[in-house]
Amino acid sequence: MAEVKVENLTKSYGRLVAVNDVSFSCKDGEFFTFLGPSGAGKTTTLELIAGIKKPDSGKIYIGDELVNELPPQERDVAMAFENYSLYPHFSVYENIAFPLKAPTRKEKLSSKEERKRVEEMANLLGIGELLDRRPQHLSGGQRQRVSLARAMVRRPRVYLLDEPIAHLDAKLKVAARTTLKRLATKLGTTIIYVTHDYKEALALSDRILILRAGLVEQIGTAEDVYLSPVTDFVARLIGDPPINLIDGELVSVDDKFLFKVNDEFSFEIQKEILEKAQRIARQENGKLKVRIGIRPVYVGVSEEKLSPNSFQLPVYAVEHEADSSIVTFELKDTFLIAKKNKKVNWGISDKVYLDFDQTHIHFFKKTLELSKR
Ligand code: ADP
Ligand code: MG
């Protein structure tokens, strides 16, 4: 086990800066996740840590050791990729044992020790009974466990796992996530994990590093990134339906401040959040512009006017979930989504009242383009 510390890591491919001055420190035994969309630089960062690629600049420490000049096999890390398929002519046992036989290994196990290790790992993953079978006689979920066992059968200082369960369908993925979390907890080894799926990141991680076009956007716990996203990008990446981002201006009327999108859509900003709104707002063409973020569950929708701050909009669409409804409204450059924990049966263009729970409003600078897609 070891901590991993990365300082000012940069890697370009030609003119593209894939990893841009990335720094973080992952604690010994931590489950640390890189989260970001495709192309954000997650895999490249992992490959730099593994030693498969060389950085243009920056330092990588594993434990107290600067490993920049060490070849991959001497870094004592195990790296697993998304599409590791099983060897069809090997038994489950042989598949799992395979990494233990690699000639570069520091750790040399006797065949007895090897068997013990493979059985231990198989039992942890609930596939101890399957060791003599061939992969073609396994279910998809069982195969997935075998590949996870193979990825983690070694005892390195650090595991580097690149989207190891991304290709599974939704149900298998949830089961695999649980298995992985159990395994990680039992092993207690430092894990750096890569995913583009925010749910996986929240479910598994001690901390999450959010990457955007090679740059670190935020590092924090699941609560940090969900409750206190530092940018509109982080806010949008996490949550489903996605957080509403709405651009408007701060307008002072008498002794009040309004957040105004247009003539139909404006509300008074409560005192508690006014200071934050003013701090983040920017002058643009003589107007004080700001972007707000509010998650769909905090957008109240009702047939009655529930507060002086309620405003009315026509319904764009209503979708149903098992015991809730998703109500969408159309704004100029985006949609506004409300999630109501009750089924509603409003028709298109029905006018309903909206009410924002202002304690859950975030204010952002604009760093994302909005679209209706
Ligand atoms: P992620 O894993 O987050 O999807 P990657 O680290 O694979 O991102 O890629 C980051 C960026 O670097 C992308 O724009 C990708 O196209 C580019 N890239 C990755 N590998 C190479 C390569 N070998 N040559 C050129 N560009 C690359
Ligand atoms: Mg990748």
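**Exercise 1. The surroundings of ligand 1**

Task: In this predicted model, determine which residues surround ligand 1 and how the residues of that shell divide into nonpolar, polar and charged.

Solution: Begin by listing the residues around ligand 1, which are Y13, L16, A18, P37, S38, G39, A40, G41, K42, T43 and T44. Next, sort the shell by residue class, which gives five nonpolar residues, five polar residues and one charged residue. Then place the shell on the secondary structure: β2 (16–26) and α1 (42–50) each contribute at least two of its residues, and α1, with three residues, provides the largest share.

**Exercise 2. Backbone contacts and burial of ligand 1**

Task: Find how far the backbone N or O atoms of G39 and A40 and a polar backbone atom of G41 lie from an oxygen atom of ligand 1, and state what percentage of the ligand the protein buries.

Solution: Start with G39, where a backbone N or O atom is 2.6 Å from an oxygen atom of ligand 1. Continue to A40, for which the corresponding distance to a ligand oxygen atom is 3.1 Å, and then to G41, which has a polar backbone atom 3.0 Å from an oxygen of ligand 1. Finally, consider the surface: ligand 1 taken alone exposes 560 Å², of which the protein buries 60%.

**Exercise 3. The packing of α4 and α5**

Task: Describe how helix α4 packs with helix α5, giving the angle and the distance between their axes, and decide whether the crossing is left-handed or right-handed.

Solution: First take the geometry, in which α4 (residues 140–152) and α5 (residues 170–187) pack at an angle of about 30° with their axes 11 Å apart. Because angles under 35 degrees count as roughly parallel, α4 is roughly parallel to α5. As a last step, note the handedness, since α4 passes α5 in a right-handed crossing.

**Exercise 4. Two backbone features**

Task: Explain why a positive phi outside glycine and a cis peptide bond deserve a comment, and locate D21 and P241.

Solution: Most residues other than glycine have a negative phi, and most peptide bonds are trans, so departures from either pattern can be pointed out. D21, which is not a glycine, has a positive phi of about 60°, and this residue lies in strand β2. The peptide bond from D240 to P241 is cis, with omega near -5°, and P241 belongs to the loop between α8 (232–237) and β11 (244–253).

Notes
Residues are numbered from 1 along each chain as its sequence is written. Chains are lettered from A and ligands numbered from 1 in the order in which they are written. This is a predicted model: local features need pLDDT of at least 70, side-chain atom pairs count only at pLDDT 80 or more; totals for chains, interfaces and linings use all residues. Side-chain values use heavy atoms; hydrogens and water are left out. A residue is near a molecule or strand if one of its heavy atoms lies within 4 Å of it. A polar contact is a pair of N or O atoms within 3.5 Å; within protein, one must be able to donate a hydrogen and the other to accept it, and residues adjacent in sequence count only if both atoms are side-chain atoms. Accessible areas come from the Shrake-Rupley method with a 1.4 Å probe; for residues, only the protein chains shown count as cover. Helices (H or I, at least four residues) and strands (E, at least two) are DSSP runs, numbered from the N terminus. Ala, Val, Leu, Ile, Met, Phe, Trp, Tyr, Cys and Pro count as nonpolar, Asp, Glu, Lys and Arg as charged, and the others, Gly among them, as polar. Axes are lines fitted to C-alpha atoms, for helices over the stretch in contact, and angles run from 0 to 180 degrees between N-to-C directions. Angles under 35 degrees count as roughly parallel, over 145 as roughly antiparallel, 65 to 115 as roughly perpendicular and the rest as oblique. A crossing is left-handed if the near helix is turned anticlockwise from the far one by less than a right angle, and right-handed if clockwise.
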